[in-house]
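Please open the structure in a viewer and keep the sequence at hand. The tour below proceeds by selection, one stop after another.

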Amino acid sequence: MAQPLQVVLLAGGSGSTMYPLTEQIPKCLLPVANRPLISFQLELLERAGFNEVIIVCQETTAPRIVKCIGDFYKGKISIEYSIFKEYLGTAEILHGIRDRLRNDFIIISGDLVADMTFVHQMVDMHRSKDAALTILLKQSSQETLTIMAQATKTKGTKGFGSQGIDYIGLDGQQSKASGSQQRLLMLQNAADIEDELVLPKALLRHYPSFTIHTTLKDAHFYIISHWVLDLLEPNYRPTKQESLPPLLSLASSTSLLSLSSVLRINSTHSPMKPGFEEGDKSKDKTAYKIKHFKSIKTDLIPFLISCQTSVRKLRALPSSAFSNDQSLAFTMSTTQLITPASPVRGKTGCFVFVIGGEGYCARANTLQSYMEINRDIARNAAAILRPWEKPGKNNYIHESAQIHPMTQIGADCVVGAQSKIGARCGVKKSIIGRHCQIADNVKISNSVIMDRVTIGEGCNITDAIICDDVVLKESCQIKDSQIGVGYYLPAGSNVKDEPLCKEKK
């Protein structure tokens, strides 16, 4: 009987891409349609049937996060907190909580907003493949780059520096349909690529045709096998007893050692990949010493992916990566080469689950995506995900909100509890938080107004985010801007394309 998966919810992100919103508000508590962002992950997990979750946060933000969750969450999930004094990478966090993880586990980011339509299928796929890693991908609308074995002389490839794009290599022989069970061959963010995209030649030997996608987005929802935690031990190095089955050493040395060569596209230098050190200068050229893993995405996942095609890195894995049945099957084999179907791969396979248009999945990891998710929730575009306010014909207005009869609240709007909106105001496709005071003749469109905001008469706010406790005096004009917590804007101010933040004392 399969052991239940555990869940780790990462709520300690600094949210540096969300300035100035996260200067004083923990990212996971940013309001989305007047709900704390973290409420969407808890709803996802509860709907999927999970009974417990470990929430990881930093000491500086933990009291606020614990209090907020305690105030709003009355569900069935048992919540355990793991609090770190200093900022750690995601892989370092896993090492820090390894004693609490008994089974395979899920990592979910504190900025993910998704329904639960994919969860059970993804878990079933991970278990059926006996995978080391399964990641959730969301279909978007960029381009793809097909890489084939004859592409070894391709030069002049451009565009690898694009921001916000993941280059994701998938086995081209698999189906590209939604929910497909494709093997993951590469995962790299474009921002981490300078002048070249380095591909291991071993990759083309084992997978002569595969596709590098930019149509897919990493949702930061990972299922990881428990044995991977053994890789995170400081200075871990496999003993002879932990090495691969003996027959592996009989393989052709030429074939095996050539796996370390790389294909360079428009390149003059091949940087050393994170997760392992270059081979020792000793005679044992198959040895790797596992380096320190800091990040799951940039360090750990690339290493696991590389283990699918590199025997030298397979040798660095702990014995827990290979079941007894798999080791026995390999020792009975007469093959001398590693193939994609070889049992020596043990539990090292990396796969993806692609969610298409039938389910909602987005990350509030940029100001733009944050605004889009707010609009999606308000207009019921996010499947079963809804605001907490009472639904109207085409908007959500809390019963305690006071709205002047001469004011119009348009479609796809949310108005929070105890907010008061004066006469002759217009609110279109916007979110109004709780306890806001909005004077007469105010126009608000395509904006997010958080809690306890005071807006003076005659203000015009368009495509803006206004954080908690902001005061806007009369006749302010705000467009395409973000205003941080507690900021004071004098009467007649004109702000366009500018983030404003109160100076820290």
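Select Leu136 first in this predicted model. Leaving aside its neighbours within four places in sequence, Leu136 is in contact with Phe118, Met122, Lys217, Asp218, Ala219, Phe221, Phe353, Ile355 and Cys361. One of these partners, Cys361, has a relative accessibility of 8% and therefore counts as buried, the limit being under 20%.

Next, display the largest nonpolar core, which has 66 residues. Leu136 is among the residues with the most contacts inside this core, together with Ile38, Phe118, Phe221, Tyr370, Ile377 and Met450. Helix H1 supplies the largest share of the core, 7 residues. A second core, separate from the one just shown, has 43 residues, including Leu88, Leu94, Ile168 and Ile301. In soluble globular proteins, nonpolar side chains tend to be buried together.

Now move to helix H2, residues 62-72. Which of its residues are buried? They are Ala62, Ile65, Ile69 and Phe72. Seen down the axis of H2, these buried residues fall within an arc of 120 degrees, so they line one face of the helix. An α-helix has 3.6 residues a turn, so residues three or four places apart point the same way. Pro63, Lys67 and Asp71, on the other side of H2, are exposed. To see what covers the buried residues of H2, select, among others, strand S3 (35-36), helix H1 (37-48), strand S4 (52-58) and strand S5 (78-84).

Remain at H2 and select Cys68 together with Cys28. Why do they not form a bond? The sulfur of Cys68 lies 7.8 Å from that of Cys28, which holds the closest cysteine sulfur, and this is too far for a bond. The count of disulfides in the model is 0.

Continue to strand S13, residues 209-213, where 4 of the 5 residues are buried. Strand S10 (residues 166-171) pairs with S13 in the antiparallel sense over 4 bridges. Select Gly169 and Ile212 to find two residues that stand opposite each other in this pairing.

The last stop is an open sheet of 6 strands with parallel pairing, in the order S20-S23-S26-S29-S32-S35. Its edge strands are S20 (408-409) and S35 (494-496), each of which pairs on one side only. Within the sheet, select S29 (residues 460-462) and S32 (residues 477-479), which pair in the parallel sense over 3 bridges. Ile461 stands opposite Ile478 in S32.

Key
Residues numbered from 1 in each chain as written. Predicted model: local features only at pLDDT ≥ 70, side-chain atom pairs only at ≥ 80, totals over all residues. Heavy atoms only, no water. Buried < 20%, exposed > 50% of the residue type's maximum accessible area, 1.4 Å probe, protein only. Pairing = 2+ DSSP bridges. Arc of directions from axis to C-beta. Contact = heavy atoms within 4.5 Å. Core = buried A, V, L, I, M, F, W, Y, C linked by side-chain atoms within 4.5 Å. Disulfide = S-S within 2.5 Å.
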